[in-house]
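Student: I am new to this structure and would like a close look at a single part of it. Could you take one strand of a sheet and explain carefully what lies around it?

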Amino acid sequence: MPSLVLLGAQWGDEGKGKITDLLSRDYDYVARYQGGNNAGHTVIVGDKKFQLHLIPSGVIHENVTPVIGNGCVLDLKVLIEEIDRVEAEGVSCERLIISSNAHLIMPYHRDLDAAHERRLGENLIGTTRRGIGPAYQDKISRMGLRMQDLFDRSIFKQKVSAALIEKNDILSKVYDLPTYTMEQIAEEYLVYAERLKPYIKDTGPMLNDALDAQDWVLFEGAQGTLLDIDHGTYPFVTSSSPTAGGAPVGTGIGPTRIDRVLGVAKAYITRVGSGPFPTELFDADGDKFIDVGHEYGTTTGRRRRAGWYDAVIAKYAVQVNGLTDLCITKLDVLSAFPTIKICVAYEHLGQTYTTVPGHQSAFHSAIPVYEEMPGWNVDITHCRSFEELPVEAQNYIHRLEELAGVPVTMIAVGPEREQTIFNGFVTRD
């Protein structure tokens, strides 16, 4: 299995960081293909906790070359701070490679993101206000700046000057905010350029050469399927494509080079920010998910919204991404519940949906149809094989497989690396 796409099968926060870190030991390259520092992956190694926002999770392993692909947008100040923080913990970032075509988040992007959210008031999207959306807007409108622009001072200054004609007008006339000068931005960003120059490379040909050589490459997505700009709960989505289709576009490899697609899903479901959420709980069970599962965002620290597992969304993720495998995380959290519910369909205006409704109004107002299964009420964090799980937990996993139509080949029963059950997932050994 030389190439694998690993992505979120829900609204993000599924525990992809741990799974990427765990699987990375088998891979030669781990390439992040979209998003920016609006994502957060937590990796726990012994008594150390690494919170990664831009650097691929595989950086922890010395055998891995971590790659930030062309589909990402980068806040260079945050990236440098993250490199310094990781290296201070004894992990070298010398192997890190950054695509010369990755786009830059500029200071005015952050200002515009925050100002736009404030203006939306109660109708806000719930962005992290880190400038991700405005950076992607400039990319699509062909006025963005890329990493490679930093290394030609004339081009960089010319592009910044052109961008500021529009951005300063919006900042001052629409939002009554301070403006920027080209000199002000150049002074900051050209310093970043000197620091990051050793990491820059044309990553597309490099990854294709690696696949030609039968090296193992893991493509790491951020956020989740339901936050995809095209296939998510628009407009309450991110500004890139976390789905499997984003991996080839965001790294420069062809789609036929992908061997398997692993979707990561919690044994329940959460989301951060605004937008529809059919199984969201507002009762004691919802609070229990937050407390037992420690459901606070890695990037924002915001309390997540929580609900029962949604098999309709899981089936949708299988279809949209072409999932070959599912990984279920945080199964141990369900040990706190005597009875477990699974959403198997939605009802809306007398109609039953077993797939995600095509119209947003139906999805926003969908009423979940639940199946109930008995819980197991015992600690499972020590289990290291499927057979060691209580029969009720085994039955729960089997039911998720039936509803999704793909096998559950990995199960996480705790945050540590070793608290993971390999249930048929193919490893290099």
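Tutor: What follows is a walk around strand S5, starting with the sheet and ending with the loop that comes before this strand.

Please keep in mind that the model is predicted. The sheet in question is open and has ten strands, arranged in the order S9-S7-S5-S2-S10-S1-S11-S15-S19-S20, with mixed pairing. Its edge strands are S9 (200–201) and S20 (420–422), each of which pairs on one side only. Strand S5 (65–68) stands in that order between S7 and S2, and each of these two pairings can be followed residue by residue.

On one hand, strand S2, which covers residues 29–32, pairs with S5 in the parallel sense over four bridges, and within this pairing Tyr 29 has Thr 65 of S5 as its bridge partner. On the other hand, S5 is joined by two bridges to strand S7, made of residues 97–99, and these strands also run parallel; here Val 67 has Ile 97 of S7 as its bridge partner. As background, strands of a sheet pair through backbone hydrogen bonds, either parallel or antiparallel.

Are the faces of S5 covered or open? Both are covered, with Thr 65 and Val 67 buried on one side, and Pro 66 and Ile 68 buried on the other. This division fits a general pattern, in which the side chains of a regular strand alternate between the two faces of the sheet.

Just as informative is the loop between strand S4 (48–52) and S5 (65–68), where His 61 is found. His 61 counts as buried because its relative accessibility is 12%, and the cut-off for buried is under 20%. If its neighbours within four places in sequence are left aside, His 61 is in contact with Asp 21, Ser 24, Arg 25, Arg 95 and Arg 417.

For comparison, another parallel pairing in the ten-strand order is that of S15 (residues 325–329) and S19 (residues 408–412), which is built over three bridges, and in which Ile 328 stands opposite Ile 411 of S19.

Beyond the sheet pairings, the largest nonpolar core holds 57 residues, of which Tyr 309, Leu 331, Leu 334, Leu 389 and Tyr 396 touch the most other members. Helix H12 (residues 391–404) gives the most to this core, with five residues, while a second, separate core of 45 residues includes Ile 80, Val 91, Tyr 175 and Ala 186.

Notes:
Residues numbered from 1 in each chain as written. Predicted model: local features only at pLDDT ≥ 70, side-chain atom pairs only at ≥ 80, totals over all residues. Heavy atoms only, no water. Pairing = 2+ DSSP bridges. Buried < 20%, exposed > 50% of the residue type's maximum accessible area, 1.4 Å probe, protein only. Contact = heavy atoms within 4.5 Å. Core = buried A, V, L, I, M, F, W, Y, C linked by side-chain atoms within 4.5 Å.
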